[in-house]
Amino acid sequence: MILILKGEQLNLKQLESENRMTKHNVWVITKFDGTEKAAVWEVPRHYSQKEVEQIMQRMVCTDLSPSEVLNASRRKGYPLRAAFLDRVGRDPAPQFGPGPWCIARIDVREYSVRTGNLSRSQANSNRP
């Protein structure tokens, strides 16, 4: 089928293919302040869990004082060591932070192939 709009010919199949959506796995990192969501970020799925955990530790550091960062960076067993940057629990979804805290999960998002923008519809939206 061919559409003619304002003197231009558009092939309907070409138009549909330009706007097609594709699904990508991403890490979704959510920062909470108490029970309220403070921020949400996406990281490509090819990042390893260890890399995502390092990102989350850095995010937790933004809410710590310099002395808290120093004490959290000390070796385990040191008397003044703080656990602010230690992983919380053994859940498969990594979690870090004492006050404002971060959690990560893998999610499937739909993106426009043409624009690269996130669509409003999301598949498998598991909320923490």
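Is Asp107 buried or exposed? Asp107 is buried, its relative accessible area being 0%. The model in which this is seen is a predicted one. Asp107 belongs to strand β6, and its side chain is in polar contact with the side chain of Arg105, at 3.0 Å. Strand β6 comes up again below, so an outline of the chain is useful before going on.

The chain contains three helices and six strands. Read from the N terminus, the order of these elements is β-β-α-β-β-α-α-β-β. There are 128 residues, and 24% of them count as buried. The accessible surface of the chain is about 9,000 Å², with 51% of that area belonging to carbon and sulfur atoms. Of the contacts between residues at least 6 apart in sequence, 49% join residues at least 24 apart.

Next comes the interior. The largest nonpolar core is made of 13 residues. Ile29, Val52, Met56, Val60, Cys102 and Ala104 are the residues with the most contacts inside this core. Two or more residues come from each of β3 (21–33), α2 (49–61) and β6 (101–112). The element that gives the most is α2, with four residues.

Ile29 shows how one core residue is surrounded. Leaving aside residues up to four places away in sequence, Ile29 touches Val52, Ile55, Met56 and Met59, as well as Cys102, Ile103 and Ala104. Its contacts also include Ala39, Val40, Trp41 and Val43.

Cys102, one of the core residues with the most contacts, counts as buried because its relative accessibility is 0%, under the 20% limit. Cys61 is partly exposed, since its relative accessible area of 24% falls between the 20% and 50% limits. As for disulfides, a search of the whole structure finds zero.

Strands β3 and β6 are also linked by an aromatic pair, Phe32 in β3 with Trp101 in β6. The structure holds one such pair. The ring centres of Phe32 and Trp101 are 4.6 Å apart and the ring planes are at 20°; the pair counts as stacked because that angle is under 30 degrees. The two residues are 69 residues apart, and the pair thus links distant parts of the chain. Phe32 is buried, with a relative accessible area of 7%.

Another approach of distant residues involves His24 and Arg109. They are 85 residues apart in sequence, yet their C-alpha atoms are 5.4 Å apart in space. His24 lies in strand β3. With a relative accessible area of 37%, His24 is partly exposed.

Helix α2 has a charged residue to consider as well as its core residues. Glu53 is placed in this helix and counts as buried, because its relative accessibility of 16% is under the 20% limit. The side chain of Glu53 makes a polar contact with the side chain of Arg87, at 2.5 Å. Besides Arg87, Glu53 touches Pro94 and Phe96, when residues up to four places away in sequence are not counted.

To return to the opening residue, Asp107 in strand β6 and Glu53 in helix α2 can be set side by side. Asp107 is buried at 0% relative accessible area, and Glu53 is buried at 16%. Each has a side-chain polar contact with an arginine: Arg105 for Asp107, and Arg87 for Glu53.

How values were computed: Residues are numbered from 1 along each chain as its sequence is written. This is a predicted model: local features need pLDDT of at least 70, side-chain atom pairs count only at pLDDT 80 or more; totals for chains, interfaces and linings use all residues. Side-chain values use heavy atoms; hydrogens and water are left out. A nonpolar core is a set of buried Ala, Val, Leu, Ile, Met, Phe, Trp, Tyr and Cys residues joined through side-chain atoms within 4.5 Å. Buried means under 20% relative accessible area, exposed over 50%, partly exposed in between (1.4 Å probe, protein chains only). Contact means heavy atoms within 4.5 Å. A polar contact is a pair of N or O atoms within 3.5 Å; within protein, one must be able to donate a hydrogen and the other to accept it, and residues adjacent in sequence count only if both atoms are side-chain atoms. A disulfide is a pair of cysteine sulfur atoms within 2.5 Å. Accessible areas come from the Shrake-Rupley method with a 1.4 Å probe; for residues, only the protein chains shown count as cover. Rings of Phe, Tyr and Trp (its six-membered ring) pair if their centres lie within 6.5 Å; planes under 30 degrees apart count as stacked, over 60 as edge-to-face and the rest as tilted.
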